[in-house]
Every structure is written in C-alpha cells, then in structure tokens.
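Colleague: Could you take a close look with me at one part of this model, the aromatic side chains and what surrounds them? I would enjoy a connected walk through it.

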Amino acid sequence: MMYWNGMGWGGWVMMTITVVAFWGLVAVVVVALVRSLRGEPARRAPGKSALELLDERFARGEIDETDYHRRRELLLEHRVDH
C-alpha cells in the first residue's frame, strides 16, 4: 500500500491519461488492420474530381448511360471552381 500512496494525484492523473492513450492507439491500429484485411477501398485519392470518378464508374459498367448523363449534368450544374 505504501507504493500507491507515494504517487499522489498528479501521478494517478498521468497514469490514467497514458493508459487511455495507449488503448486508444491500440484501437486505431486494430481498426486500420481490419479494414486493410477486409479490402475496403481507401478514401478517394486527392486530385480526382467528381467528374473523373463518374467517368471511371461508367467505364467499369457500374452505372448505365442514362444514369451517367443525369449525374454528369447534375455535377456540372452544381460545379464550384476554386
């Protein structure tokens, strides 16, 4: 019991923060590992526009021509150039 009494409040607070941070890091690593093993696609790469992604989906056959043209018109209608 003497060892515990020597830590004081500051020691307990720091130990608690350290333990929470450690388990938070473990959780992040586990989630990242599970996602990579399940083959989930990574977030979209920076630099690809919505139009480029739409073109790729159409080329892969994920959407039909009617849907492609409808979505393309919507994107062009609401386009914001920065």
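Modeller: Happily; I will start with the whole chain, go on to the aromatic side chains, and finish with the charged ones.

Please keep in mind that this is a predicted model. The mean pLDDT of the protein chain is 84, with 80% of the residues at 70 or more. Confidence varies along the chain: helix α1 (residues 2-5) has the lowest mean pLDDT among the elements, 52, while helix α4 (residues 65-77) has the highest, 94. Where pLDDT is low, the predicted coordinates should not be read in detail. The fold itself is quick to describe, with 4 helices and 0 strands, which gives the pattern α-α-α-α along the sequence. Of the 82 residues, 6% count as buried. The chain exposes about 7500 Å², and 65% of that area is supplied by carbon and sulfur atoms.

Now to helix α2, which covers residues 8-38 and contains Trp 23. How far apart are the end C-alpha atoms of α2, and what should its 31 residues span? At 1.5 Å a residue the expected span is 45 Å, and the end C-alpha atoms are 45 Å apart, so the two values agree. Just after α2 comes Gly 39, which takes a positive phi of about 75°.

Trp 23 also takes part in a nonpolar surface patch of about 500 Å², together with Trp 12, Met 15, Val 19 and Phe 22. Is Trp 23 buried or exposed? Its relative accessibility is 53%, and exposed means over 50%, so Trp 23 counts as exposed. Phe 22, another member of the patch, has 46% relative accessibility and therefore counts as partly exposed.

As for ring contacts, the structure holds 2 aromatic pairs. One of them joins these two patch residues: the ring centres of Phe 22 and Trp 23 are 5.0 Å apart and the planes meet at 75°, so this pair is edge-to-face. Phe 58 and Tyr 68 also form an aromatic pair, but this one is stacked, at 4.4 Å centre to centre with 20° between the planes. The stacked pair links distant parts of the chain, since Phe 58 lies in helix α3 (residues 50-59) and Tyr 68 in helix α4, 10 residues apart. What is the accessibility of each partner, Phe 58 and Tyr 68? Phe 58 has a relative accessible area of 33% and is partly exposed. Tyr 68 has 11%, and because buried means under 20%, Tyr 68 is buried.

The charged side chains come next. Side chains of opposite charge can pair when their charged atoms come close, and a search of the whole structure finds 7 salt bridges. In helix α4, Asp 67 is a good place to look. The side chain of Asp 67 meets that of Arg 70 in a salt bridge, at 2.6 Å from N to O. Both residues lie in helix α4, 3 residues apart, about one turn of the helix. Asp 67 also forms a salt bridge with Arg 71, where the closest N and O atoms are 3.0 Å apart. Why are Arg 71 and Asp 67 about one helical turn apart? The two are 4 residues apart in helix α4, so about one helical turn separates them.

The accessibilities of these three residues are worth listing. Asp 67 counts as buried, at 16% relative accessibility. Arg 70 is partly exposed, at 46%, and Arg 71 is partly exposed as well, with a relative accessible area of 31%.

Elsewhere, salt bridges that share partners join Lys 48, Glu 56, Arg 57, Arg 60 and Glu 62 into one network. One of the bridges runs between Arg 60 and Glu 56, whose closest N and O atoms are 3.9 Å apart. That distance counts because the cut-off for a salt bridge is within 4 Å. Arg 60 is exposed, with a relative accessible area of 52%, whereas Glu 56 counts as partly exposed at 27% relative accessibility.

To draw the aromatic picture together, Phe 22 and Trp 23 make an edge-to-face pair and both belong to the nonpolar surface patch. Phe 58 and Tyr 68, by contrast, are stacked and link helix α3 with helix α4.

Notes. Residues are numbered from 1 along each chain as its sequence is written. Side-chain values use heavy atoms; hydrogens and water are left out. Patches are made of residues with over 30% relative accessible area and no salt bridge: like charges are joined within 9 Å, nonpolar side chains (Val, Leu, Ile, Met, Phe, Trp, Tyr) within 5 Å. Accessible areas come from the Shrake-Rupley method with a 1.4 Å probe; for residues, only the protein chains shown count as cover. Buried means under 20% relative accessible area, exposed over 50%, partly exposed in between (1.4 Å probe, protein chains only). pLDDT is the predictor's confidence in each residue, from 0 to 100. Rings of Phe, Tyr and Trp (its six-membered ring) pair if their centres lie within 6.5 Å; planes under 30 degrees apart count as stacked, over 60 as edge-to-face and the rest as tilted. The expected span of a helix is 1.5 Å times one less than its number of residues.
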